[in-house]
Amino acid sequence: MTSPRIAVTWPGSAPAYADWFRAELDRLTRSAAAAVERAGGAAVVLDAADPSLAGVLLRDDDWDGLLVMGGGDVDPMLYDGNPDHPTVSDVDPTADAFEASAVVRARATGRPVLGICRGLQIINVALGGSLHEDLGQSRGTPHRNYADPSGPMVLHEVAIEPGSRLARILGDAATVVSGHHQAAARVARGLRVTATAPDGVVEALEAEDPGEWLVAVQWHPEDAQGDQAQLDAIMAAFVEACRFARTGAVEAREGAPQ
């Protein structure tokens, strides 16, 4: 059986990114792509910040699922936020537009969607939600290594909503690796919160419709500090959903009147 093709997007050439940040994102994207391959998928990594790709994914029917990876901050103008907020950085409008459009296209065509960190934020914003521009350092649970942003991320617990798709994958709690200063605020229509940190920060979203495969986590299961079994469990469920979507699409085409 042909492996489902997974579009893995990240803002690889975003001009605003420092060298260390780009290298970190490249490492994380490679880790996630390898997990897709271990699960039996074919990862196709795309640079969301490349303007020459605008619209390409939307015209291409030869993909079965969408994985939106981490990166810089989403432009606050897209969710009626404050573009002058002093903590907002590393914004790339090209990547925002490409990935938001890809999310909308994937949902409209029944393709599974998985978001990681910025991926959760893009999904929420693309579907009409908003973000906290900055969580600050005063909350009880750390979500970012403020002392050394280029160093190790932080570990904390999350509670997962019983009965959710994510709970069926990971159980009702997990230890996660985080490196974010923003999070979902107003949750988009059609999505629901399925995991939170002890301080109440949204750590996962998924589709309200049980027939739609859309899961997004605010943490980094693909980071080396994390549990590879957690990453592989998420990717196995995602790739299986993409395989089912591919099979259904093929059957629909083959059964269509000539």
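Student: Which residue does R192 meet in a salt bridge?

Tutor: In this predicted model, the side chain of R192 pairs with that of E206, with 3.5 Å from N to O. That falls within the 4 Å cut-off for a salt bridge. R192 belongs to strand 9 (residues 191-196) and E206 to strand 10 (residues 202-207), so the bridge ties together parts 14 residues apart in sequence.

Student: Is E206 buried or exposed?

Tutor: To decide, look at the relative accessible area: under 20% is buried, and over 50% is exposed. E206 has 3%, so it is buried. Its partner R192 is partly exposed at 28%.

Student: Where do R118 and D96 lie?

Tutor: Their side chains form a salt bridge too, at 3.0 Å from N to O. R118 sits in helix 4 (residues 118-126) and D96 in helix 3 (residues 93-108), so this pair links distant parts of the chain, 22 residues apart. R118 is buried at 1% relative accessible area, and D96 is buried at 2%.

Student: What separates R243 and E240?

Tutor: About one helical turn, because they are 3 residues apart in helix 6 (residues 228-255). The closest N and O atoms of their salt bridge are 3.0 Å apart. E240 is partly exposed, with 44% relative accessible area.

Student: Which residues do salt bridges with shared partners join into one network?

Tutor: Those are E24, R27 and D223.

Student: And how many salt bridges are found in the whole structure?

Tutor: The search finds 12. Try finding R192 and E206 in the structure above, as one of those pairs.

Methods:
Residues are numbered from 1 along each chain as its sequence is written. This is a predicted model: local features need pLDDT of at least 70, side-chain atom pairs count only at pLDDT 80 or more; totals for chains, interfaces and linings use all residues. Side-chain values use heavy atoms; hydrogens and water are left out. Helices (H or I, at least four residues) and strands (E, at least two) are DSSP runs, numbered from the N terminus. Buried means under 20% relative accessible area, exposed over 50%, partly exposed in between (1.4 Å probe, protein chains only).
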